[in-house]
Amino acid sequence: MKDLVEMIAKALVDHPEAVEVNEIEGERSIILELKVAPEDMGKVIGKQGRIAKAIRTVVKAAATRENKRVVVEILQ
């Protein structure tokens, strides 16, 4: 999951070297924290949050195949 989020984010931003994904594993779920450069924040979120929602949808679909619950958080 971590690699998937990282790959998607790096494809969207102007500064791929600044993309950072932290994985926090809980008992029943996994939290993925996505950090990008401040000037790339708009590209990852998109208009009205559409790109962020699409990223979450793709990750959720991949997680369903593995019977896991994944939450993607976009941090500054």
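Reader: So a crossing is left-handed if the near helix is turned anticlockwise from the far one by less than a right angle, and right-handed if clockwise. Which is the crossing of helix 1 and helix 3?
Author: The crossing of helix 1 and helix 3 is right-handed. Bear in mind that this is a predicted model, where local features need pLDDT of at least 70, side-chain atom pairs count only at pLDDT 80 or more, and totals for chains, interfaces and linings use all residues. Numbering starts from 1 along each chain as its sequence is written, and side-chain values use heavy atoms, with hydrogens and water left out.

Reader: Where are those helices, and how do their axes cross?
Author: Helix 1 covers residues 2-12 and helix 3 covers residues 50-65. Their axes (lines fitted to C-alpha atoms over the stretch in contact, angles 0 to 180 degrees between N-to-C directions) come within 10 Å and cross at roughly 155 degrees. That makes helix 1 roughly antiparallel to helix 3 (the cut-off is over 145 degrees).

Reader: Which residues make the contact?
Author: From helix 1, the contact is made by L4, V5, I8 and L12. Helix 3 brings I51, I55, V58, V59 and A62. Contact means heavy atoms within 4.5 Å.

Reader: Switching to the sheet. What is the strand order?
Author: Three strands form an open sheet in the order 1-2-3, with mixed pairing. Helices (H or I, at least four residues) and strands (E, at least two) are DSSP runs, numbered from the N terminus. Two strands pair if DSSP finds at least two bridges.

Reader: Why is one side of strand 1 left without a neighbour in the sheet?
Author: Strand 1 stands at an edge with a single partner strand, so one side has no neighbour in the sheet. Strand 3 is placed likewise, at an edge with a single partner. The twist averages 20 degrees from one strand to the next.

Reader: Does a helix sit there too? Which strands does helix 3 touch?
Author: Helix 3 packs on the sheet, touching strand 2 and strand 3. Its direction makes about 155 degrees with that of strand 3.

Reader: How many bridges join strand 1 to strand 2?
Author: Six bridges join strand 1 (residues 20-25) to strand 2 (residues 29-35), and these two run antiparallel. A hairpin links them through three residues. E20 stands opposite K35, and V21 stands opposite L34.

Reader: And strand 2 with strand 3, parallel or antiparallel?
Author: Parallel, with seven bridges joining strand 2 to strand 3 (residues 69-75). L34 stands opposite I74 there.

Reader: Is strand 2 mostly covered or not?
Author: Mostly covered: five of its seven residues are buried (under 20% relative accessible area, 1.4 Å probe, protein chains only).

Key
Buried means under 20% relative accessible area, exposed over 50%, partly exposed in between (1.4 Å probe, protein chains only). Angles under 35 degrees count as roughly parallel, over 145 as roughly antiparallel, 65 to 115 as roughly perpendicular and the rest as oblique.
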